[in-house]
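Me: I'd like to learn how to read a model like this one, feature by feature. Could you walk me through it?

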Amino acid sequence: MDNGVAAGRGSASTLGQLSLGLTLLAFGLGHTGVIDGVSAADAVTLAVWVGGVTLFVAGLMELRAGNAPNGTAFAALGAFWFTWGRGAGAEASAEATGLFLVLFALLALTLTLGAASAGRLAQGVHGLLCVSLLLLAVAQFAGNDGLAQAGGWAAVLSGAGAWYTATAPLASWPAARPGRAADPGVTVSG
């Protein structure tokens, strides 16, 4: 394996990480307010089809290939994005929205703890997602736009990590610092 990049180009893991990364980037940037006129609601279509359907299918493919950690993560996160995208704009109280975010933050926490053997990058992606969802939940409960922006930035960082995880094997980028073994979190199984 050259440059510390794991084998498995074009696998369901790559598709899943790419789908997760792009969805988190769009969702996060929408919450930050950094792009004038763009909000999280603008990420709904992407969340349903790329984050929801594509990620769920990638999860099923990973489960079928015997990769239970990635399969579980992708399928569960696909369900989250599909549910969030389909429910966006619906009449729901701030408390109900906050509870939804807390419940999926617990999922992200489980994925973070479960990714210990996958490496720091995988743990970082799920950990930042957990932080993002918790900040967004508290922002809903408290009606605090500053916390929502912070949650958006955590989602952007998580999305960038997932995007890198998908892109590194495709672009033959190094997945480890020189002199270190490749981070198993960037391993793309086939």
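Reply: Gladly. Let's begin with one residue: Leu 113 is exposed, with a relative accessible area of 61%. Keep in mind that this is a predicted model.

Me: Why does Leu 113 count as exposed?

Reply: The label exposed is for a relative accessible area over 50%. Leu 113 has 61%, so the label applies. This leucine lies in helix H4. Its C-alpha atom is separated by 7.3 Å from that of Gln 123, a residue 10 positions apart from Leu 113 along the chain.

Me: Is Thr 110 buried or exposed?

Reply: Thr 110, also found in helix H4, is exposed, with a relative accessible area of 52%. Between the C-alpha atoms of Thr 110 and Gly 127 there are 9.3 Å, and along the chain the two are 17 residues apart.

Me: Let me step back to the fold. How many helices and strands are there in the chain?

Reply: The chain has 6 helices and 0 strands. Reading along the sequence gives the pattern α-α-α-α-α-α. Of the 190 residues in the chain, 43% are buried.

Me: Which label, buried or exposed, goes to Cys 130?

Reply: Buried is the label for anything under 20% relative accessible area. Cys 130 is at 9%, so Cys 130 counts as buried. Cys 130 lies in helix H5. Leu 109 is 21 residues apart from Cys 130 in sequence, yet the C-alpha atoms of the two are 5.7 Å apart in space.

Me: And what about Ala 154, buried or exposed?

Reply: Ala 154 is buried as well, with a relative accessible area of 7%. This alanine is found in helix H6. The C-alpha atoms of Ala 154 and Val 125 are separated by 9.5 Å, with their positions 29 residues apart along the chain.

Me: Now the pocket. How much space lies in the largest pocket?

Reply: The largest pocket holds about 570 Å³ of space. It is lined by 23 residues, and those closest to its centre are His 31, Trp 84, Thr 97, Leu 101 and Gln 140.

Me: Which helices each supply at least two residues of that lining?

Reply: Helix H1 (12–32), helix H3 (68–87), helix H4 (94–114), helix H5 (120–142) and helix H6 (145–171) each do. Sorted by class, the lining has 12 nonpolar, 10 polar and 1 charged residues.

Me: Turning to the surface, which residues make the nonpolar patch?

Reply: Leu 15, Trp 49, Val 53, Val 57, Met 61 and Phe 82 make a nonpolar surface patch of about 530 Å². Helix H2 (residues 44–64) gives the most to the patch, with 4 residues. Leu 15, by contrast, is found in helix H1.

Me: Why can Leu 15 belong to such a patch?

Reply: Patch residues need over 30% relative accessible area. Leu 15 is partly exposed, with a relative accessible area of 36%, so Leu 15 passes that cut-off.

Me: One last feature, the backbone. What is the phi of Ser 172?

Reply: Here is the general idea first: most residues other than glycine have a negative phi. Ser 172 has a positive phi of about 60°, although it is not a glycine. Ser 172 is found in the segment after H6. As for exposure, this serine is partly exposed, with a relative accessible area of 23%.

Conventions: Residues numbered from 1 in each chain as written. Predicted model: local features only at pLDDT ≥ 70, side-chain atom pairs only at ≥ 80, totals over all residues. Heavy atoms only, no water. 1 Å grid on protein atoms, 1.4 Å probe; cavity = no way out; pocket = protein on both sides within 12 Å on 5 of 7 lines; lining within 4 Å. Points joined across faces, edges and corners; volume = space filled by probe spheres on them. Nonpolar A, V, L, I, M, F, W, Y, C, P; charged D, E, K, R; others polar. Patch = residues over 30% accessible without salt bridge, like charges linked within 9 Å, V, L, I, M, F, W, Y side chains within 5 Å. Areas by Shrake-Rupley, 256 points an atom, 1.4 Å probe, with all protein chains shown as cover. Salt bridge = Lys/Arg side-chain N within 4 Å of Asp/Glu carboxyl O. Buried < 20%, exposed > 50% of the residue type's maximum accessible area, 1.4 Å probe, protein only.
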